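Colleague: I am new to this structure and would like to go through how its descriptions are justified. Could you take my questions in turn?

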Amino acid sequence: MARVTVERLGSVVRIGLCRPEKRNAFDLAMLDELAQAYTAYEEDEGLRCGLLFAHGGHFTGGLDLAEVGPAIASGRALYPKGSVDPLAIGPRRLTKPMVVAVEGYCFTIGIELALAADIRVAAEDTRFSQLEVQRGIFPFGGATLRFPALAGHGNAMRWLLTGDVFDAKEAYRIGLVQEVVPAADLFDRATWICERVAAQAPIAVRATLASARAAMTEGVEVEAARLEDRARALMGTEDAAEGMRSFVERRAGRFQGR
């Protein structure tokens, strides 16, 4: 049975974690299928925004350590070589936007998948925990890299060093999520955000992501030196010309990604 569902909705792809009987705990098959779904999204030029969500009321209870732990200890990579890494640690990463919708349990790898994404929406009932230190290991899926940068060192360490559970209100306070909504509204709200992103000029969206990510990984001054070159490259595109026409004509742009 498939561990990950993929549904195309126009230029949006909705990727669903689907192991509800195990609270969407990640086994090796789910890890592989998620990487395959991200890779297909990256390679499909008709798709402009992705939504990662979960079936069954819980985003994920974390890694299925009984299976994944020994595999990782023996040298297995989390994701297949050559695929897009959903955790954005490996050499191949998404260049397109990803929105994440979380609810119920969002433990360990769930937080790290959210941190690797661009926009995060949480249901009011979400419970978060980066609990690796309670199991004698540490977060190796990106939380130590991104959580302090996003939430501030003290806010991140409060949860990384204890493994304690925190709620959606706290996640919003520290900037881990951008919106908190009733559980019944989560899927529709996250889909709406995806559709808003997908309606914009896709080349410009990817350039914006690339610039923001480079500023974080390479430094603000390094990226500052590239800004004019990035802008000039965009100004020569058909989408930029359409953007100017739509501005003059006072209408929404109709962008083709060229």
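Colleague: What makes up the area that the chain exposes?

Modeller: The chain exposes about 12700 Å², and carbon and sulfur atoms supply 57% of it; such areas come from the Shrake-Rupley method with a 1.4 Å probe, and for residues only the protein chains shown count as cover. This is a predicted model, in which local features need pLDDT of at least 70 and side-chain atom pairs count only at pLDDT 80 or more, while totals for chains, interfaces and linings use all residues. Residues are numbered from 1 along each chain as its sequence is written, and side-chain values use heavy atoms, with hydrogens and water left out.

Colleague: How many helices and strands are there in the chain, and why is it called as compact as a globular protein of that length?

Modeller: The chain has 11 helices and nine strands, these being DSSP runs numbered from the N terminus (helices are H or I with at least four residues, strands are E with at least two). The radius of gyration, taken over C-alpha atoms, is set against a globule rule of 2.2 Å times the number of residues to the power 0.38. For 258 residues that rule gives 18 Å and the chain has 19 Å, which is close, so the chain is as compact as a globular protein of that length.

Colleague: What makes Asn-24 stand out in its phi, and is Asn-24 buried or exposed?

Modeller: Asn-24 has a positive phi of about 55° although it is not a glycine, whereas most residues other than glycine have a negative phi. Asn-24 lies in the loop between strand S2 (12–17) and H1. Buried means under 20% relative accessible area, exposed over 50%, and partly exposed in between (1.4 Å probe, protein chains only); Asn-24 has 0%, so Asn-24 is buried.

Colleague: How do you know whether Ala-88 is buried or exposed?

Modeller: The relative accessible area of Ala-88 is 15%, so Ala-88 counts as buried. Ala-88 sits in the loop between helix H2 (65–73) and strand S4 (98–102), and has a positive phi near 55° in a residue other than glycine.

Colleague: How do you know that the span of H8 is close to the one expected?

Modeller: The expected span is 1.5 Å times one less than the number of residues in the helix. Helix H8 (residues 202–218) has 17 residues, for which 24 Å is expected, and reaches 23 Å from its first C-alpha to its last, so the two are close. Just after H8, Gly-219 takes a positive phi of about 110°.
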